[in-house]
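I opened this notebook to keep track of what I looked up, step by step, for someone who has not met the structure before. The entries follow the order in which I went through it.

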Amino acid sequence: RGRGCGGGGGALAGSIPGSPGTRPEAANRGIKPRELDVVRHTRCPAVLVEGGFLNNPLDARLLANIEYRDRLAKAIAEGVMTYQKSRPRPVKPPPGA
């Protein structure tokens with residue numbers, strides 16, 4: 001959960017797995033809110049994306065494939081862009097204000 005930018009980690013996380021084609025070969029383990037240091041003390045929304053587990057034979061095989069890693073990276077980037085587009089744009093003050 002990001003702090004300092006009004007939170008938003010949950011909304012950001014929700015945008016990422018919603019990207020079509022992220023992991024058709026593997027199970028989606030869902031969003032699990034946690035108080036992890038890597039996402040706790042941030043100035044903007046933050047998420048930790050686990051693209052697979054190397055000790056899982058299926059995940060290890062998938063992660064060894066460059067096309068799969070590229071598809072995974074693109075899906076994450078699309079989710080981040082979807083989240084960014086959903087945020088309200090800052091209002092610019094009128095000139096001379």
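Entry one, on cover. I looked up what lies over the buried residues of helix 4, and found that the cover includes helix 1 (9-15) and helix 3 (57-63). I note here that I am working with a predicted model, and that every value below is computed from it.

Entry two, on the buried side. I listed the buried residues of helix 4, which are Tyr 68, Leu 72, Ala 75, Gly 79 and Tyr 83. Seen down the axis of helix 4, these buried residues fall within an arc of 70°, so they line one face of the helix. I then turned to the face directed away from that buried side, where I found the exposed residues Ile 66, Glu 67, Gln 84 and Lys 85.

Entry three, on length. I wanted to know how the span of helix 4 compares with what its residue count leads one to expect. With 21 residues at 1.5 Å a residue, helix 4 should span 30 Å, and its end C-alpha atoms are indeed 30 Å apart, so the two values agree.

Entry four, on the N-terminal end. I checked what caps helix 4 there and found Asn 65, which has a side-chain oxygen 2.8 Å from the backbone nitrogen of Glu 67.

Entry five, on charged pairs. How many salt bridges does a search of the whole structure find? The search finds one, and the partners are Lys 74 and Asp 70, whose closest N and O atoms are 3.1 Å apart. I asked why these two residues can meet, and noted that they are four residues apart in helix 4 (residues 66-86), so about one helical turn separates them. I also looked up how open each partner is: Lys 74 is partly exposed, with a relative accessible area of 48%, and Asp 70 is partly exposed too, with a relative accessible area of 38%.

Entry six, on the whole chain. Stepping back, I counted four helices and zero strands in the protein chain, which reads as α-α-α-α along the sequence. Of its 97 residues, 25% count as buried. Among contacts between residues at least 6 apart in sequence, 71% join residues at least 24 apart. Last, I looked up the surface, and noted that the protein chain exposes about 7,200 Å², of which carbon and sulfur atoms supply 58%.

Note on methods:
Residues are numbered from 1 along each chain as its sequence is written. This is a predicted model: local features need pLDDT of at least 70, side-chain atom pairs count only at pLDDT 80 or more; totals for chains, interfaces and linings use all residues. Side-chain values use heavy atoms; hydrogens and water are left out. A salt bridge is a side-chain nitrogen of Lys or Arg within 4 Å of a carboxyl oxygen of Asp or Glu. Buried means under 20% relative accessible area, exposed over 50%, partly exposed in between (1.4 Å probe, protein chains only). The expected span of a helix is 1.5 Å times one less than its number of residues. The arc is that of the directions from the helix axis to the C-beta atoms. Contact means heavy atoms within 4.5 Å. A polar contact is a pair of N or O atoms within 3.5 Å; within protein, one must be able to donate a hydrogen and the other to accept it, and residues adjacent in sequence count only if both atoms are side-chain atoms. Accessible areas come from the Shrake-Rupley method with a 1.4 Å probe; for residues, only the protein chains shown count as cover.
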